[in-house]
Amino acid sequence: GEDFIDHVVALGMPLPDSRQQVVDEFERRYIEHALKVNGGNVTKAAAASGVARRYFYLLRARQDKQGA
């Protein structure tokens with residue numbers, strides 16, 4: 001089956017747009033995983049991710065906005 005990157009490449013968009021779609025999907029999956037393994041605790045998930053809590057919240061909010 002086709003993976004996500006194959007799907008994005010097949011869309012034939014310009015490289016910057018394609019790259020952004022891949023980064024957005026990676027961040028969405030990463031944040032979801034970090035929250036899951038840290039019991040939904042944003043502070044612990046941010047620390048485990050190596051980013052400031054405020055930045056983690058920003059990434060999470062951006063993903064929530066894109067999902068809406």
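A residue counts as buried when its relative accessible area is under 20%, as exposed when that area is over 50%, and as partly exposed in between. With this cut-off in hand, Ser18 of helix α2 can be placed at once in this predicted model: its relative accessibility is 11%, and therefore Ser18 counts as buried. Leaving out residues up to four places away in sequence, Ser18 touches Val8 and Met13.

Asp17, which also belongs to helix α2, has a relative accessibility of 43%, so Asp17 counts as partly exposed. From the C-alpha of Asp17 to that of Phe56 the distance in space is 23 Å, while 39 residues separate the two in sequence. Val9, a residue of helix α1, which covers residues 4-10, has a relative accessible area of 60% and is therefore exposed. Between Val9 and Leu59 there are 24 Å in space, C-alpha to C-alpha, and the two stand 50 residues apart in sequence.

The next step is the meeting of two helices. Helix α2, made of residues 15-37, and helix α4, made of residues 53-67, have axes that come within 10 Å and cross at roughly 115°, and the crossing in which α2 passes α4 is left-handed. On the side of α2 the contact is made by Asp24, Glu27, Arg28, Ile31, Ala34 and Leu35, and on the side of α4 by Phe56, Leu59, Arg60, Arg62, Gln63 and Gln66. Sorted by character, the residues of this contact comprise five that are nonpolar, two that are polar and five that are charged.

Two residues of this contact can be followed further. Gln63, which sits in helix α4, has a relative accessible area of 10% and is therefore buried. When its neighbours within four places in sequence are set aside, Gln63 is in contact with Asp24, Glu27, Arg28 and Ile31. Leu35, in helix α2, has a relative accessible area of 14%, and so Leu35 is buried as well. Its contacts, again leaving aside neighbours within four places in sequence, are Gly40, Asn41, Val42, Ala45, Phe56 and Arg60. For Leu35 and Arg60, the C-alpha to C-alpha distance is 10.0 Å, with their positions 25 residues apart in sequence.

Among the contacts of Leu35 are Val42 and Ala45, and these lead to helix α3, which spans residues 42-49 and in which Val42, Ala45, Ala46 and Ser49 are buried. Why do these residues lie on the same side of α3? They cover an arc of only 100° around the axis, and therefore they share one side of the helix. An α-helix has 3.6 residues a turn, so residues three or four places apart point the same way. The cover over the buried residues of α3 includes α2 and α4, whereas the face turned away from the buried side carries the exposed residues Lys44, Ala47 and Ala48.

The two ends of α3 complete the picture. At the N-terminal end, Asn41 caps the helix, with a side-chain oxygen that lies 3.0 Å from the backbone nitrogen of Thr43; Asn41 is also one of the residues in contact with Leu35. Just after α3 comes Gly50, which takes a positive phi of about 80°.

How values were computed
Residues numbered from 1 in each chain as written. Predicted model: local features only at pLDDT ≥ 70, side-chain atom pairs only at ≥ 80, totals over all residues. Heavy atoms only, no water. Axes fitted to C-alpha atoms, helices over the stretch in contact; angles between N-to-C directions. Helix = DSSP H or I, 4+ residues; strand = E, 2+ residues; numbered from the N terminus. Left-handed = near helix turned anticlockwise from the far one by under 90°. Contact = heavy atoms within 4.5 Å. Nonpolar A, V, L, I, M, F, W, Y, C, P; charged D, E, K, R; others polar. Buried < 20%, exposed > 50% of the residue type's maximum accessible area, 1.4 Å probe, protein only. Arc of directions from axis to C-beta. Polar contact = N/O pair within 3.5 Å; in protein donor to acceptor, adjacent residues only side chain to side chain.
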